[in-house]
Amino acid sequence: MKNLTLLVLLTSLLFSCSNNKGNEVENNESKIDSIIALMTIEEKIGQMTQIDQQFLDTITDIADYSIGSLLSGGGSNPDTNNFKGWADMYDAYQEVALTSRLGIPLIYGVDAVHGHNNVLGATMFPHNVGLGCANDYELCRKVSEATAIEVAATGINWNFSPCIAIPQDEKWGRHYEGYSEHVDIVSEMGEASIIGYQTKELGSVNYSIVACAKHFIADGATIWGTGMGNKADKIDRGNAPISDSLIRAKYLPPYQKAIDAGVGTIMASFNSINDLKCHANGYLFNDLLKDEMGFDGFVISDWQGIDEIPGDYKSDIINSVNAGLDMIMVPGAVKWDGEHYKTFLNLFKEAVDEGLITEERLNDAVRRILRIKYRSGLMKNPMTDRTLIEKAGSDEHKALAREAVQKSLVLLKNNDLLPLDESKNYFVTGSGADDIGKQCGGWTIEWQGGLGNITPGTSIIEGIEEFATTNRTSKNQIFDAAIVVVGEDPYTEMEGDSDKLFLSEKDKKSIEEVKKMGIPYVVVLITGRPLIVNETIDDSDAFLVAWLPGTEGGGVADILFGKENLTGKLSFSWPKSMEDIPCNYDNDCDALFPLGFGLTYSKK
Ligand code: GLC
């Protein structure tokens, strides 16, 4: 009889609908009170635990340990990597979660940072560096909305995006994940993206997913040579020696805007501030974020982020949870020197038993997590809404991505070669001319992305051939002009840290070969950041920066042939030399091209 009573009570708590929005918040909070009162210590700890699905020993661990969240890190894909395969994977995990004693649904996170980029066939949009140059609020919101639809179509309800870093040093491998070096552009685009993912009211539609503003805080302010544990050639996850006043003036505003927009989660940053790891910094999360700024969602750690706190793993758990982190992305990556999730659970329980983490802290964290699970609609609708799948990868989304490409491109030079003439014959060459993987960049199918046909899309030369003949589509060997597409190969995070921001020898050779042809040529640059290419610009007849455009390379051709006018403006200063880096509008850098620079087609 007792179990039946519990079941009836829980069913009423988890699935009762409130008849009035105004009461919903109150109702949810009282439901959360009732659930917390039923939870054991182990269940509260489980709710605060996030595991990568690829590291589960067995699927039933989800229920046996009352796990609150799963994620798919970069490349943590189902065997059948398509929209249905993802939805089937998500639903299988969720069904197990609902069999746990309290039946609380999982919240499932993914990095859909430029579309649902782990999924084959998903629409890959330009990375944030390009969207920052477009600097178009409504476009940014629509890109995130389309991404939300494709993510929700796979059941997933949480996106570790937008990254609202303010990259200061172009040597950083995460430069392209930032919109701009300017706080105002980052604040605006961050807000637009959050509203795109969540809508103005989280949970109000079936494709509303929880956003995650990251990484708190000052991830883009670290110093070269302090990255990855003070490695001489790294900056990622390094130290930011900055004052509280600079944090408040420059790095905090995008987060305040995110909180005001109702962002459901915030991710702690790997970096240190004045040599204290953010993941252990109670001033940041307890005092600043939660008390002063009024953030009422929950804070998630980064991937094995607590492991980087000095001290043993148990002290890492204690220090991070007591600093205000509410959920820990463990994620169980034993094969990559990570800790097993059962080790995490056991040490966490020990710490609570020893009074080193209070039950009051657990209750606050669990309340925040359940609050977002209720607010997002997950408690009512935990399974995939399969009606969304028809929009995933749709022509409508591809057209939007193509528009985003058009608006993100920045023209740095034009000796009247552009716009090109469709009646002419073009020699197209370069490492980026026909490479979907290169034009997508990192965070594409795999964590680091990859070269070649890694996912369906339109390469830049395929886009050009929609308008004109090229050396691939014409036997004619007389060319009126050449288009050379060069630039960076894909990288992600610390793998992209570099103090050699130059073209590869292979790319330089491609350009030299074109120069010998004695015909006018335009260089198209695929890159996650400004590169030192002064001579290349000087020698060319036109120089167009495409950033990392994603799957819709047709957008580059649209601009080359003047189908659309240019509107993109640099959201980052463009340095003259490596010695000028970090080069920003507010550090007296004598830039080759300043923030805000971008040519247009005056004829149009
Ligand atoms: C990564 C990144 C973070 C991402 C997380 C999950 O290391 O720092 O941006 O959301 O792990 O993939």
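Why does glutamine 304 count as buried? Keep that question in mind while the predicted model is brought into view, since the tour returns to this residue at its last stop.

**Whole chain**

Begin with the entire chain selected and drawn as a cartoon, where 21 helices and 17 strands can be traced. Along the principal axes, the C-alpha atoms fill a box of roughly 85 × 50 × 45 Å. The radius of gyration of the chain is 25 Å, which agrees with the value near 25 Å that a compact globule of 604 residues would have. If you colour by accessibility, 63% of the 604 residues count as buried, while the surface that the chain exposes comes to about 21100 Å², with carbon and sulfur atoms supplying 50% of it. If you then colour by charge, there are 53 positive and 88 negative charges, and their mean positions lie 3 Å apart. For a contact map, take the pairs of residues at least 6 apart in sequence: 77% of those contacts join residues at least 24 apart.

**Strand S15 and its partners**

Next select residues 481–487, which form strand S15, and note that seven of its seven residues are buried. The cover is found on both faces, with Ala481, Ile483, Val485 and Gly487 on one side and Ala482, Val484 and Val486 on the other. Add residues 425–429 to the selection, and strand S13 appears, running parallel to S15 and joined to it by four bridges; within this pairing, valine 428 has isoleucine 483 of S15 as its bridge partner. Then add residues 521–526, strand S16, which is also parallel to S15 and is joined to it by six bridges. Here valine 484 is the residue to label, together with its bridge partner in S16, valine 523.

**Strands S2 and S3**

Move now to residues 107–110, strand S3, where Ile107 and Gly109 point one way and Tyr108 and Val110 the other way, all of them buried. With residues 69–72 added, strand S2 can be followed alongside, paired with S3 in the parallel sense over four bridges. To fix the register by eye, label leucine 70 and its bridge partner in S3, tyrosine 108.

**A three-stranded open sheet**

The following stop is an open sheet of three strands in the order S6-S8-S9, whose pairing is mixed. Its edge strands, each pairing on one side only, are S6 at 239–240 and S9 at 276–277. Select residues 272–273 to show S8, which runs antiparallel to S9 and is joined to it by two bridges. Across that pairing, serine 272 stands opposite lysine 277 in S9.

**Glutamine 304**

Finally, centre the view on glutamine 304, which sits in the loop between strand S10 (298–300) and helix H13 (313–322). The opening question is settled by its relative accessibility, because 12% falls in the range that counts as buried, the cut-off being under 20%. To see what lies around it, display the residues in contact with glutamine 304 beyond its neighbours within four places in sequence: Phe270, Met329, Val330, Pro331, Ala333, Trp336, Asp337 and Gly338. As a last step, draw a distance from the C-alpha atom of glutamine 304 to that of leucine 412, which is 108 residues apart from it along the chain; the separation is 41 Å.

Notes. Residues numbered from 1 in each chain as written. Predicted model: local features only at pLDDT ≥ 70, side-chain atom pairs only at ≥ 80, totals over all residues. Heavy atoms only, no water. Rg over C-alpha atoms; globule rule 2.2 N^0.38 Å. Buried < 20%, exposed > 50% of the residue type's maximum accessible area, 1.4 Å probe, protein only. Contact = heavy atoms within 4.5 Å. Areas by Shrake-Rupley, 256 points an atom, 1.4 Å probe, with all protein chains shown as cover. Lys, Arg positive; Asp, Glu negative; His and termini not counted. Charge placed at Lys NZ, Arg CZ, Asp CG, Glu CD. Pairing = 2+ DSSP bridges.
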